[in-house]
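Please open the structure in your viewer and keep the sequence panel beside it. The tour below moves from one selection to the next and says what is to be found at each stop.

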Amino acid sequence: MSPRRHRLAIVTTALVIFLAGGCAPPEKKTVVVPKRPYAQCTSAARMEKQMVKLINRARASGGRCGAKRFRPAAAVRWNPALATAARSHSIDMADRNRLGHKGTGKSTVEKRVGRAGYTWRAVGENVAGGLDSCESVVSGWLKSPGHCANIMEPAFTEIGAACAQNTASRYGTYWTLVMAAPLKQ
């Protein structure tokens, strides 16, 4: 590592520790996980097949998400650009040891999807951590009113999903599901 990159890494780590320290509960110690190569949880082909199948099964039957009832919704299809946005966020969460919708530089799902080249009219995102399969993640999302509502939202017509692993992090596995509808159909 060059001296310049080493100094940048030290400054970045110090900044992460400083910023994270103000948000963490006082009794917990902030853990900073160094960047590491991306470890994929499952093959992209398997992820595509499983997520589309599970999401479409839930949408086909309709259901209740908390207090809100959803009618059956049309099937969604896989979109590679949405999968790219999901993958970048899953990797970012795994690298930063943080589970949430805000990414590095306060990026949002809208920004990440735009950077992936997708022009949307509707967009949403579900994230999860610590689960080991597509089935367990989708099952958990369907039990959470907000996540479930995203899955059941009839305006969404396309999805992309990804997971990343970092065994040195709190959750180990980080999942992202991006749901959207293109500006023009």
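Select Ala-161 together with Leu-177, and you will find that Ala-161 stands opposite Leu-177 in E7. This model is a predicted one, and the pair you have selected belongs to a longer pairing, in which E6 and strand E7 (residues 173-182) run in the antiparallel sense over 8 bridges.

Now extend the selection to the whole of strand E6, residues 158-165, where 7 of the 8 residues are buried, so that the strand is mostly covered. In a regular strand the side chains alternate between the two faces of the sheet.

Add strand E4 (residues 77-78) next, which pairs with E6 in the parallel sense over 2 bridges. Within this pairing, look for Trp-78, which stands opposite Ile-159 in E6.

From the strands, move to helix H5, residues 134-143, and show the side chains of Cys-134, Val-137, Val-138 and Trp-141, which are buried. Why do they lie on the same side of H5? They do so because they cover an arc of only 95° around the axis. An α-helix has 3.6 residues a turn, so residues three or four places apart point the same way. To see what these buried residues of H5 pack against, select helix H2 (44-61), strand E5 (120-129) and helix H6 (145-152), and keep E7 from the earlier stop in view as well, since it is also one of their partners.

Next, colour the protein chain by pLDDT, which averages 83, with 78% of the residues scoring at least 70. Among the elements, strand E4 has the highest mean pLDDT, at 98, whereas helix H1 (residues 3-21) has the lowest, at 39. Select residues 3-38 as a block: pLDDT stays under 50 over this range, for which the model has 25 contacts beyond four places in sequence. Where pLDDT is low, the predicted coordinates should not be read in detail.

Finally, zoom out to the protein chain as a whole, which has 6 helices and 7 strands and whose elements, followed from the N terminus, run α-β-α-β-β-β-α-α-β-α-α-β-β. Of its 185 residues, 42% count as buried, and if you display the surface, you will be looking at about 10,500 Å² of exposed area, 58% of which is supplied by carbon and sulfur atoms. Among the contacts with a separation of 6 or more, 72% are accounted for by residues 24 or more positions apart.

Technical notes
Residues numbered from 1 in each chain as written. Predicted model: local features only at pLDDT ≥ 70, side-chain atom pairs only at ≥ 80, totals over all residues. Heavy atoms only, no water. pLDDT = per-residue confidence, 0-100. Helix = DSSP H or I, 4+ residues; strand = E, 2+ residues; numbered from the N terminus. Contact = heavy atoms within 4.5 Å. Buried < 20%, exposed > 50% of the residue type's maximum accessible area, 1.4 Å probe, protein only. Pairing = 2+ DSSP bridges. Arc of directions from axis to C-beta. Areas by Shrake-Rupley, 256 points an atom, 1.4 Å probe, with all protein chains shown as cover.
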